[in-house]
Amino acid sequence: MRRGIVGLFVADAVSMLGSRMSMLALPWFVLITSGSAARTGLVAFVEMLPYVLVMAFGGPLLDRIGARRVSVLADLGSALTVAAIPLLYRGPGLPFEVLVALVAATGLLRGFGDSSKRVLLPPAVAASGMPMARATGIQDGINRLATLLGGPAAGVLIAVLDAPAVLLLDAASFAVAALLIGAFVPTATAPPRERYLAALRAGWRFVRGDRLILGIAVMLFVTNLLDAAHASVLAPVWGRDVAGTAAAVGIMWGIFGVGAVTGNAVFAVVAPRLPRYGTFLIGMLIGGAPRFFVPAVTDEVWPVYLVMLLSGFGIAGVNPVLAAVEYERVPETMQARVLGLTLAIAWGGIPLGGLLAGWAVSGLGLTSAWWLFGALYLAATVVPLFLPIWREMDRPTQDQGVPQVAMTT
């Protein structure tokens, strides 16, 4: 039964690579065709808002319809909505209102597709006989590798071809992922049905009652908002106005990926000897605010690349720490609903990030926006220094696999 887990990993890799390419291609397309940072931010908002809502409220629907069926249908739907953007643009025309509708539909479908793949992972791992820790490690590696390859590939392809061509490649990646899931991944056993509202209420009660879990989710709400501002508006505007090319933005994300992959390798070796609280704080301090401050003080490209390399390395230790903490504190019977809700809270800031960044750049200018968002990131990062509950991160770990945690970087 190993073909199921292999099929899921390959589908994840193809889909993530396409999404990382689109992460640059879509805002670049909006920025170049409209000339407006505010519109670029609005498009980022309408893509991520339905995505986050699905994460918060879509879990019971996956149980009723079936995760495998939802994954295939959602990926096929995403292929159609993403492909429609360049096809309409090159054909009869693409009014901004139609672009917004297509992007919102894509965000909704991606939310269902990504949620269903998370549900498909545990049974695929169990059927394969692979240890869960190894499977989650492979999955995180796929994510980091997609970041490493996707950004530079998008930058080069936009320079050689154009952004609409890259969006077509993203659409093709969704179609391939749907075929792989449909052909190789077995249907997951449906859990016992529970009343929709009762399941949601139980999850919310747990999240509200655990101050560390709630604190992590709220902190990630802020940092993910700022990361989304960086990725969807600030970096593309920097590429257009300062570096002068989309390739520079792609290289920037590729260098970040090199740092993250290297950091993952180092962290995997030394993690058992490191305190989690200290590792988390240092990783956030290195991986967060400097990415905003450096481009605010220089128009040179190489300092931005250097800080992205160091940021990727620093942030690599954050996700495993947060995953281990959540796994230990959330009972197994509650993990699906609690982790889904914490994911929704943590990603709730992502739709706002692009919107606020677009307004900030339009109203204050790029340099002031860098300073503003960097200062907010630094403030959010140092909050755990002053709240004792965060020191509970250093509880002993369990020798088990860990679930996904909602980081964007």
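This text walks through the chain from its overall build to its core, its charged pairs and its surface.

The model is a predicted one. Begin with the overall build. The protein chain has 17 helices and zero strands. It contains 409 residues, and 56% of them are buried. The chain exposes about 16800 Å² of surface. Carbon and sulfur atoms supply 69% of that area.

Now consider how the chain meets itself. Take the contacts with a separation of 6 or more. Residues 24 or more positions apart account for 89% of them. Two pairs show what such distances look like. Gly 203 and Thr 342 are 139 residues apart in sequence, but their C-alpha atoms are 9.2 Å apart in space. Gly 203 lies in helix H8, which covers residues 196-209. This glycine is buried, because its relative accessibility is 0% and the cut-off for buried is under 20%. The other pair is Asn 143 and Ala 13. They are 130 residues apart in sequence, with 7.3 Å between their C-alpha atoms.

Next, the interior. The largest nonpolar core has 90 residues. Within it, Phe 280 and Met 393 touch the most other members. Helix H9 gives this core its largest share, 14 residues. Which residues does Phe 280 contact, leaving aside its neighbours within four places in sequence? They are Met 219, Val 318, Val 321, Leu 322, Pro 384, Trp 390 and Met 393. So much for that core. There is also a second, separate core of 19 residues. Its members include Leu 8, Val 72, Leu 120 and Ile 181.

Charged residues come next. The count of salt bridges is five. Three of them are followed here.

One salt bridge joins Arg 110 and Glu 47, whose closest N and O atoms are 3.1 Å apart. Arg 110 lies in helix H5 (residues 96-128) and Glu 47 in helix H2 (residues 37-57), so this pair ties together parts that are 63 residues apart in sequence. Are the two partners buried or exposed? Arg 110 is buried, with a relative accessible area of 16%. Glu 47 also counts as buried, at 15%.

Another salt bridge links the side chains of Asp 162 and Arg 90, at 2.7 Å from N to O. Arg 90 belongs to helix H4 (residues 67-90), while Asp 162 sits in the loop between helix H6 (132-160) and helix H7 (163-184). The pair therefore ties together parts that are 72 residues apart in sequence. Asp 162 is partly exposed, with a relative accessible area of 24%.

A further salt bridge connects Asp 227 with Arg 291. Their closest N and O atoms are 2.6 Å apart. This pair links distant parts of the chain: Asp 227 is in helix H9 (residues 211-243), and Arg 291 is in helix H12 (residues 290-297), 64 residues apart. Asp 227 is buried, with a relative accessible area of 4%. Arg 291 is buried too, at 1%.

Arg 20 offers a contrast. This arginine is found in helix H1, residues 2-34. Arg 20 is buried yet has no salt bridge. Why does Asp 114 not serve as its partner? A salt bridge needs a nitrogen and a carboxyl oxygen within 4 Å, and Asp 114, the nearest side chain of opposite charge, is 7.4 Å away, so the pair does not qualify. What does Arg 20 contact, leaving aside its neighbours within four places in sequence? The residues are Asn 143, Ala 146, Thr 147 and Gly 150.

Follow one of these contacts. Asn 143 is found in helix H6. This asparagine is buried, with a relative accessible area of 17%. Not counting residues up to four places away in sequence, Asn 143 touches Met 16 and Arg 20.

Finally, turn to the outside. A nonpolar patch lies on the surface. It is formed by Val 258, Ile 282, Ile 286, Trp 302, Leu 306, Leu 309 and Leu 310. Together they have about 650 Å² of accessible area. Helix H11 (276-287) and helix H13 (301-315) each supply at least two of these residues. The largest share, four residues, comes from H13. Leu 309 is found in that helix, H13. Its relative accessible area is 33%, so Leu 309 is partly exposed.

Methods
Residues numbered from 1 in each chain as written. Predicted model: local features only at pLDDT ≥ 70, side-chain atom pairs only at ≥ 80, totals over all residues. Heavy atoms only, no water. Patch = residues over 30% accessible without salt bridge, like charges linked within 9 Å, V, L, I, M, F, W, Y side chains within 5 Å. Areas by Shrake-Rupley, 256 points an atom, 1.4 Å probe, with all protein chains shown as cover. Helix = DSSP H or I, 4+ residues; strand = E, 2+ residues; numbered from the N terminus. Buried < 20%, exposed > 50% of the residue type's maximum accessible area, 1.4 Å probe, protein only. Lys, Arg positive; Asp, Glu negative; His and termini not counted. Contact = heavy atoms within 4.5 Å. Core = buried A, V, L, I, M, F, W, Y, C linked by side-chain atoms within 4.5 Å.
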